[in-house]
Amino acid sequence: MTVLHSAPATATILMKRLVFRLVLSITFFLARKRLRARYSLMKHCGCYKRWTQFLPNEGGIAKIFDIKIRLILHKGVTDPVWGWFFIHSAYSISEVMDVLGNHLARDIRVGKEAKIFLVDDVDSTVDGIVGGILYLLRKILEGARSSNAVQSLVQHILAGLGVSRGPVY
């Protein structure tokens, strides 16, 4: 037996759904706009330069790559709100992947030219690294893994790039 709703009740349900969808789309639009502004600001004001000024000049690209991956994961673990936002927005906002992926790809190319990284396809390598970062961050935030897993991920990434196992900072 089907229940028939009256016209005003159906209109009310449809209106609530419409308002809910509108609120969701406005929230998503504003979050996307803020994220674009943040990355644009980050590029122009030198925030990225502030992060990278602490990277060692000596020690090579492998050490720099190691520290960059740790910085990304550390930010997500220490600030869970940012971590979850990063995880969810990484799949829906292409600018996140462009900014993060371009920096990782640049470092991989530098390592490849210096014959430190043994990589055939830089883009596929970046996709795999970013996927691993997102998956581990999600697992840590869900409580399924401890933050000690970051060390293991960094060693596996560097081993995949052809860096022999040694002291990882």
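Two aromatic pairs turn up in this structure, which is a predicted model. One of them joins Phe65 and Phe117: the ring centres are 5.7 Å apart and the planes meet at 65 degrees, so this pair is edge-to-face. Phe65 and Phe117 also belong, with Ile108, to the residues with the most contacts inside the largest nonpolar core.

**The Phe65–Phe117 pair**
- This pair links distant parts of the chain, with the two positions 52 residues apart in numbering.
- Phe65 sits in helix α3 (residues 60–78), while Phe117 lies in the loop between α5 (94–113) and α6 (122–142).
- Phe65 has 0% relative accessibility and therefore counts as buried, the cut-off being under 20%.
- Phe117, at 2% relative accessibility, counts as buried too.

**The Trp82–Phe86 pair**
- Trp82 and Phe86 are stacked, with 5.0 Å from centre to centre and 5 degrees between the planes.
- Both residues lie in helix α4 (residues 80–92), four residues apart, which is about one turn of the helix.
- Phe86 counts as buried, at 4% relative accessibility.

**The largest nonpolar core**
- This core has 34 residues.
- Helices α3, α4, α5, α6 and α7 (149–160) each supply at least two residues of the core.
- The largest share comes from α6, with 10 residues.

**What Phe65 touches**
- Leaving aside residues up to four places away in sequence, Phe65 touches Leu104, Asp107, Ile108, Phe117, Ile129, Ile157, Leu158 and Leu161.
- Two of these partners, Ile108 and Phe117, are named with Phe65 as having the most contacts inside the core.

Conventions:
Residues are numbered from 1 along each chain as its sequence is written. This is a predicted model: local features need pLDDT of at least 70, side-chain atom pairs count only at pLDDT 80 or more; totals for chains, interfaces and linings use all residues. Side-chain values use heavy atoms; hydrogens and water are left out. Rings of Phe, Tyr and Trp (its six-membered ring) pair if their centres lie within 6.5 Å; planes under 30 degrees apart count as stacked, over 60 as edge-to-face and the rest as tilted. Buried means under 20% relative accessible area, exposed over 50%, partly exposed in between (1.4 Å probe, protein chains only). A nonpolar core is a set of buried Ala, Val, Leu, Ile, Met, Phe, Trp, Tyr and Cys residues joined through side-chain atoms within 4.5 Å. Contact means heavy atoms within 4.5 Å.
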